[in-house]
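Below are some notes on this model, set out as numbered points for discussion. They deal with helix packing, aromatic groupings and local backbone geometry.

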Amino acid sequence: FQAEDGIRDVERSRGLGDVYKRQIILLFVNFRERRIRNLNECLVLLKNFASAFYITRTKMSKEEWLLIFTITLLWIGAFYHAIAFPPLEFDSVIYHAPMAKIMYDNYGLPLIVGGGVGIGSSANYPLLFSAIGTYYYLIAGSANDLFLRIVTPLMGLLSVIATYLIAKMIGGRRLGLLATFVFTVVPAYLSYSSFTTQETTVTCFLAYGVLLLLKAIHERGSESAYWSLSGTFFGFSLLTTYQALFFIPALLTVILYHMWKKRVFNDASWKTPVILIGSMIAVGCVPYVRNLLVLGNPVYPFFSSLFKTKYLPSWLFTYTKRSWDFVANSIATGKPQPTEIELLVAALLYPSHFPLNILLILPSTLIFLASPVKAKHTILSFTFIPLILIFLNKPSFIRYVWLTFPYASVIVGVMFLKGFEASENLRFSKGAKIVLVTLISFLLIFPLPVAIACLLYTSPSPRDLSTS
């Protein structure tokens, strides 16, 4: 009965007896005054953080309840699609779901290395999302991908909550609800909250890292704990995907701006940023150190021209990069070799990102800059710096833009908020109200004709199908 998990046959046992016996639990209790003060500081931190989830006791309007109802309904739809259908999305089929099963079968990460767009490359990506599925497989005793599929909508829900908390902290409850509504009605939210991929997971970790960073900068008391927790969440994002690296320059920019604004550059002022960066590196460095030591490239298989490795010769890297470019361009424009104008149009007007298209974010930024809200530099940094890096990096997939949407939704939410406030303070004629309602209606139904038009534009013709 070595298994100690109710399974007598060694072949079927997961060996939980050995697993539990090898676990070491360390409990440190220190009753010195400094430790007690730190414990009280942590309790205050948890109390303040939990209070942010409480909306208010003030009476909410019908419009606000309608927003909450719509947000909840959209999430329920995404949750249903996530649990009702097997993994069908390309990335989930080639490595997210398979890697969870492979790690479960091998009790760890085996060495799988190669090129191409398949598992030879992606088995060496940061795999926290797949590892979460493996963890639940171990608890359940079998590799049922339902446990992995549930992670995506739950992380989508946590991303919605983080978006609300960020917007509420910056501009109040009404902005929080509007920004959350804008974030949830994006068609990409429904997709990534139902696909078995890591997008909602990394978005969730990044959003809570930004939220705690805002609290560390703008709230007094427990600053060191906020800095440390923020770095921990950024570290989790680095454990999830390489795309989290796009946000590190934005994080450093915000920290340096905060230091410059305080006009203090002594040893004490550097303490809290060092805590954040140190905790982020301590948590998130594992896959990068492993790849550097085992494969010779911390971000394998990317930048293989810079990091030479025996596992990926130059001809194979060239072939792999060409495959990535083909897939990225086809997803963005429907063409494997689009023109620069077509790429620009796709970046500005990608239908799955409405109403958070870049073409709408840019004018909203002008209103955002003129509005009396807090932390403008933080929201702008985490929106535009990653966007610039995403489009400069090659190959670049259009879905990476979605990672910036919790912060872009705040910018666009401010524009909608100011528009609603202006309409409440002005007396419109009956004709003007009809025009306003018509414009808003077209704004809400805009994704449908655009999606249909893009589908017709990008669908292959019968002649293309016959020659392919």
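1. In which loop is Pro301 found? In this predicted model, Pro301 belongs to the loop between helix 14 (286-295) and helix 15 (314-333). The peptide bond leading into Pro301 from Tyr300 is cis, with omega near 5°.

2. A second cis bond deserves a look alongside that one: the peptide bond from Phe354 to Pro355 is cis, with omega near 5°. Pro355 is placed in the loop between helix 16 (340-349) and helix 17 (358-370).

3. Tyr107 calls for a check of its backbone, since this residue has a positive phi of about 55° although it is not a glycine. The position of Tyr107 is in the loop between helix 4 and helix 5 (119-122). As general background to these three points, most residues other than glycine have a negative phi, and most peptide bonds are trans.

4. Turning to helix packing, two packed helices are described by the angle between their axes and the distance between the axes. For helix 7 (residues 146-171) and helix 10 (residues 199-218), the axes come within 8 Å and cross at roughly 25°. Because angles under 35 degrees count as roughly parallel, helix 7 and helix 10 are roughly parallel to each other, and their crossing is left-handed.

5. The contact between helix 7 and helix 10 involves, on the helix 7 side, residues including Val151, Met155, Leu158, Ile161, Ala162 and Leu165, while helix 10 contributes residues among them Thr200, Cys204, Phe205, Ala207, Leu211 and His218. Sorted by class, this contact of helix 7 with helix 10 has 16 nonpolar, 7 polar and 1 charged residues.

6. How do helix 12 and helix 13 pack, and at what angle? Helix 12 (residues 248-262) and helix 13 (residues 271-284) pack at an angle of about 165°, with 11 Å between their axes, and they are therefore roughly antiparallel to each other. The crossing of helix 12 and helix 13 is left-handed. On helix 12, Ile248, Leu251, Leu252, Ile255 and Met259 make the contact, and on helix 13 the partners are Pro273, Leu276, Ile277 and Met280. The residues of this contact of helix 12 with helix 13 divide into 9 nonpolar, no polar and no charged.

7. Helix 4 (residues 90-106) and helix 6 (residues 128-140) pack at an angle of about 45°, and their axes lie 8 Å apart, which makes helix 4 oblique to helix 6. Helix 4 passes helix 6 in a right-handed crossing. Tyr95, His96, Met99, Ala100, Lys101, Met103 and Tyr104 in helix 4 meet Phe129, Ser130, Ala131, Thr134, Tyr137 and Leu138 in helix 6. By class, the residues of the contact of helix 4 with helix 6 divide into 9 nonpolar, 3 polar and 1 charged.

8. Aromatic groups also merit inspection, as a search of the whole structure finds 24 aromatic pairs. Ring pairs link Tyr95, Tyr125, Tyr242, Tyr288, Phe302 and Trp324 into a cluster. Tyr95 of this cluster also belongs to the contact of helix 4 with helix 6.

9. A final item concerns a charge and a ring: the charged end of Arg399 sits over the ring of Phe397, at 4.7 Å from the centre of that ring.

How values were computed. Residues numbered from 1 in each chain as written. Predicted model: local features only at pLDDT ≥ 70, side-chain atom pairs only at ≥ 80, totals over all residues. Heavy atoms only, no water. Axes fitted to C-alpha atoms, helices over the stretch in contact; angles between N-to-C directions. Helix = DSSP H or I, 4+ residues; strand = E, 2+ residues; numbered from the N terminus. Parallel < 35°, antiparallel > 145°, perpendicular 65-115°, else oblique. Left-handed = near helix turned anticlockwise from the far one by under 90°. Contact = heavy atoms within 4.5 Å. Nonpolar A, V, L, I, M, F, W, Y, C, P; charged D, E, K, R; others polar. Phe/Tyr/Trp six-rings, centres within 6.5 Å; stacked < 30°, edge-to-face > 60°. Lys NZ or Arg CZ within 6 Å of the ring centre and 35° of its normal.
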